[in-house]
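Student: Could you help me read this structure? I'd like to go through it piece by piece.

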Amino acid sequence: MNKDIKYFEAIAERAQERQSNRNGKEAEAIRLIKREKIAAHVSLPPTDLNKLARHLKVHEIRHVPLAMKGRLMLEGKSITIEINHSLSEFDKRYATAHELAHLILEKKRLSICSLISANQKDQFGRSHFLTENLCDNGAEEILLPVQWLRDRLMHYTPSLEIIDEISKEANCDLSFVAERIIKKGLWHCKVLLCVKRGKKLCVIKTFPPADEAFLAFMEPFDLETSLPGNSLINKKFMEGHLRIKSGDEDYLYRAQCIPVNEKVVLSMIIYN
């Protein structure tokens with residue numbers, strides 16, 4: 001019995017060490033991102049990605065046909081960033097920020113002759129998967145710094161109108177801003193990303209993430225009678241009540257909705 005307890009205690013300790021190590025690497029990565037943004041004089045949104053790229057000695061950012069979202073290229077001694085030309089404007093910005101994060105966090109990947117394989121480990125001892133995750137976090141910090149966001153939200157309660165204002169100020173997508181706010185624990189609410197399919201609106205994503213089973217059984221919203229449907233049809237911010245049904249569960253929440261485009265609407269459930 002005592003051996004079993006010690007065994008599980010050892011597993012828990014190793015898990016905590018791994019989490020602490022991961023958190024430490026994430027904090028170090030964000031510190032490096034902030035340092036380069038300050039040096040490039042692009043600390044505040046909307047981030048001038050071209051200016052940051054010049055600071056990092058990038059010769060060119062070009063939009064080309066690609067099978068991926070973006071990549072770094074070494075052409076002679078020049079660094080070029082290539083971005084998939086078919087991405088939306090914000091996704092192009094995000095992909096560019098992600099590649100700039102690679103330049104900041106993986107300086108040892110670059111040599112005069114080539115790019116070292118991303119599967120190798122760099123100066124942080126990271127695997128390829130962890131590196132990509134850190135560069136995603138870095139891209140988020142480049143585009144929407146968490147301290148700036150925290151200060152911006154200081155005197156506000158959850159509101160999609162405020163998220164809309166911030167998205168315009170920072171030149172970021174509504175859903176990106178909403179997800180970052182919730183991910184960083186700045187507001188206590190839930191956001192649903194709904195897509196028009198025929199005469200229904202289907203929830204395809206939630207922030208924070210919902211249980212997959214709950215999401216799978218969630219009934220679509222009616223386009224003509226639901227709050228998100230009316231918001232989409234009238235092309236404006238609306239607030240009221242939102243009924244959510246999933247299997248045998250039925251909930252009524254106070255909510256706000258705002259259209260993202262002609263087929264997508266963002267709905268925010270407000271708990272207090």
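Tutor: We can start with the overall picture and then go through the helices, rings, loops and pocket.

Student: Okay, so what kind of model is this, and how many helices and strands are in the protein chain?

Tutor: This is a predicted model, and its protein chain has 9 helices and 9 strands. Of the 272 residues in the chain, 44% are buried. If you take the contacts with a separation of 6 or more, 52% of them are between residues 24 or more positions apart.

Student: Which residues are buried in helix 6?

Tutor: Helix 6 covers residues 160–170, and its buried residues are Leu160, Ile162, Ile163, Asp164, Ile166, Ser167 and Ala170.

Student: And what do those buried residues of helix 6 pack against?

Tutor: They pack against helix 3, helix 4, helix 5 and helix 7, and also against strand 8 and strand 9.

Student: What happens at the start of helix 6?

Tutor: There, a side-chain oxygen of Ser159 comes to within 3.2 Å of the backbone nitrogen of Glu161.

Student: You listed Ile163; what does Ile163 touch?

Tutor: Leaving out residues up to four places away in sequence, Ile163 touches Leu174, Val177, Ala178, Ile181, Trp187 and Met268. In the largest nonpolar core, which has 57 residues, Leu100 and Ile163 are the two that touch the most other members. The element that gives the most to this core is helix 3, with 9 residues. There is also a second, separate core of 15 residues, and among them are Leu192, Val203, Leu223 and Ile244.

Student: Changing topic, how many aromatic pairs turn up in the whole structure?

Tutor: A search of the whole structure gives 5 aromatic pairs. In one of them, the ring centres of Phe90 and Tyr94 are 6.5 Å apart and the planes are at 50°, so this pair counts as tilted.

Student: Where do Phe90 and Tyr94 sit relative to each other along helix 3?

Tutor: They are 4 residues apart in helix 3, which means that about one helical turn separates them. An α-helix has 3.6 residues a turn, so residues three or four places apart point the same way.

Student: Is Phe90 buried or exposed?

Tutor: Phe90 is buried, because its relative accessible area is 10% and the cut-off for buried is under 20%.

Student: Which residue does Tyr94 pair with besides that, and how are the planes arranged?

Tutor: Tyr94 and Phe176 form an edge-to-face pair, with 6.1 Å from centre to centre and 70° between the planes. Tyr94 belongs to helix 3 and Phe176 to helix 7, so this pair ties together parts that are 82 residues apart in sequence. Phe176 also counts as buried, at 10% relative accessibility, and together Phe90, Tyr94 and Phe176 make up one aromatic cluster.

Student: Now the pocket. Which residues lie nearest the centre of the largest pocket?

Tutor: The largest pocket is lined by 17 residues, and those nearest its centre are Asp91, Tyr94, Phe176, Glu179 and Lys205. You have already met Tyr94 and Phe176 as an aromatic pair. The space in this pocket is about 460 Å³.

Student: Which helix gives the most to that lining?

Tutor: Helix 7 gives the most to the lining of the largest pocket, with 5 residues. Helix 3, helix 4, helix 7 and strand 5 each supply at least two residues.

Student: Last thing, the backbone. Where are the cis peptide bonds?

Tutor: One cis peptide bond joins Pro45 and Pro46, with omega about -5°, and Pro46 lies in the loop between helix 1 and helix 2. Another joins Phe207 and Pro208, also with omega about -5°, and Pro208 is in the loop between strand 5 and helix 8. Most residues other than glycine have a negative phi, and most peptide bonds are trans.

Student: Which residues other than glycine have a positive phi?

Tutor: Among them are Asn171, with phi near 55°, and Lys235, with phi near 55°. Asn171 is in the loop between helix 6 and helix 7, while Lys235 lies in the loop between helix 9 and strand 7.

Student: How exposed are Asn171 and Lys235?

Tutor: Asn171 counts as partly exposed, at 41% relative accessibility, whereas Lys235 is exposed, with a relative accessible area of 71%.

Conventions:
Residues numbered from 1 in each chain as written. Predicted model: local features only at pLDDT ≥ 70, side-chain atom pairs only at ≥ 80, totals over all residues. Heavy atoms only, no water. Buried < 20%, exposed > 50% of the residue type's maximum accessible area, 1.4 Å probe, protein only. Contact = heavy atoms within 4.5 Å. Polar contact = N/O pair within 3.5 Å; in protein donor to acceptor, adjacent residues only side chain to side chain. Phe/Tyr/Trp six-rings, centres within 6.5 Å; stacked < 30°, edge-to-face > 60°. Core = buried A, V, L, I, M, F, W, Y, C linked by side-chain atoms within 4.5 Å. 1 Å grid on protein atoms, 1.4 Å probe; cavity = no way out; pocket = protein on both sides within 12 Å on 5 of 7 lines; lining within 4 Å. Points joined across faces, edges and corners; volume = space filled by probe spheres on them.
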